[in-house]
Amino acid sequence: MAGGNERSMKALKEVWRRAENSLCADCGKPDPDWASSTLGVFICLSCSGIHRNIPSISKVKSLKMDHWDDAQVQFLAKHGNAVTKAVYEAHIPIYYYQPTYNDCQVLREQWIRAKYERKEFTEPGKQLPYSDGVKEGILWKRGRDNGQFLPRKFLLSEREGCLKYFTKQDAKEPKINIKIDVINATFQPEKIGNPNGLQITYLKDNKTRNIFVYHESGKEVVDWFNAIRSVQFHYLKVAFPIASDNEIKNRLTRNFLREGYMEKTGPKQREAFKKRWFTLDHRRLMYFKDPLDAFAKGEVFVGSKENGYSVQKGLPSGTQGNFSWHYGITIVTPDREYLFTCETETDQLEWIRAFTSVINQAMTPQEYAIEAYFKFKS
């Protein structure tokens, strides 16, 4: 009996060590140490918790702590991540967002359920709830002034190339009509205070506007997210006919590079530093009085090092403004220096890392146009 157990464990480790099984099948996290004995995939602890919630589809066990019999090990050997992905991820639409281990729970859960429970990607040309080019429904939207979440009708149309929302169900005219090419969407469960919280950001007169929404159903809010990406993808395919699918995919919705509180001072660098919520959306550094403000109080363009932009640790000697946080950051632009302070050294280093990643990238023609607008505005 002991010999059989040792034989099973040795065989299990051999399958586990295969290169294809070195990353979680669902989120890509390195060194997964759980597996599904019914699907044959190797997964991380976090994804195993989601699998456990769909027991009719997936039975999960620890590769380190649980016993695996010969039949289960043979099943894993016959399948594994590569074989199983070839079945359940055979026909993923190019625009569909495939979450990683850094993404929030609702995105990862709906990705796993879409693959194994609903089998959305096993057949070519399957009709999907986010692929019609039109989506209509109710989302709970946060009021710009009163902060209350109220039900609002939203309409997404590929034919019209826009997203609209209406304050009343029977309203004929939308409250806002947003062009699809200026929309970004990012999940913000912590900031919004709802596990299904979605932040929709768009440009209006080259200024950033935020809308905060959620839906009680995780599936529904993720369907909205992928519907926006689908409409954007088809719009950009027409607008840029020679661009490859992957080039267009990279222009769809994007996560913010970093968000959090810093203190800032004014252009004279003698004013008191004020605590603000900052969002780095690629080259736009926006700051808000409150994380859920609809409009930014101001924006800073972060260009490339070839164009005279840099980030420096600390503040210039002799900085006079009063500040309560002591981990400084200086953003140098061709026109002026922007001074910020962080509460901790960890925050300081992570902000510097985010700024550096942007500054080290060459600017696109569109970004030169945005830079020109910022200079004109100032």
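Helices and strands are taken here as DSSP runs, with at least four residues required for a helix and at least two for a strand, numbered from the N terminus. In this predicted model, the segment that the unreviewed UniProt entry annotates as an Arf-GAP domain covers residues 6–129. Over residues 6–129 the chain is 40% helix and 6% strand, and the C-alpha atoms at the two ends of this stretch lie 48 Å apart.

For the protein as a whole, the secondary structure comes to ten helices and 17 strands, and the C-alpha atoms fill a box of roughly 80 × 55 × 45 Å along the principal axes. Of its 378 residues, 48% count as buried, while among the contacts that join residues at least 6 apart in sequence, 52% link residues at least 24 apart. The protein exposes about 19,000 Å², of which carbon and sulfur atoms supply 50%. The protein carries 57 positive and 46 negative charges, and the mean positions of these two sets are 3 Å apart.

Helix H2, formed by residues 45–52, has as its buried residues Cys47, Ser48, Ile50 and His51. These residues lie on the same side of H2, because they cover an arc of only 155° around the axis. In an α-helix there are 3.6 residues a turn, so residues three or four places apart point the same way. The cover over the buried residues of H2 includes three strands, namely S1 (34–36), S2 (42–43) and S3 (60–62), together with helix H5 (105–117).

Notes: Residues are numbered from 1 along each chain as its sequence is written. This is a predicted model: local features need pLDDT of at least 70, side-chain atom pairs count only at pLDDT 80 or more; totals for chains, interfaces and linings use all residues. Side-chain values use heavy atoms; hydrogens and water are left out. UniProt positions are given in the numbering used here, feature names are shortened, and annotations may be inferred rather than shown by experiment. Buried means under 20% relative accessible area, exposed over 50%, partly exposed in between (1.4 Å probe, protein chains only). Contact means heavy atoms within 4.5 Å. Accessible areas come from the Shrake-Rupley method with a 1.4 Å probe; for residues, only the protein chains shown count as cover. Lys and Arg count as positive and Asp and Glu as negative; His and the chain ends are not counted. The place of a charge is taken as NZ of Lys, CZ of Arg, CG of Asp or CD of Glu. The arc is that of the directions from the helix axis to the C-beta atoms.
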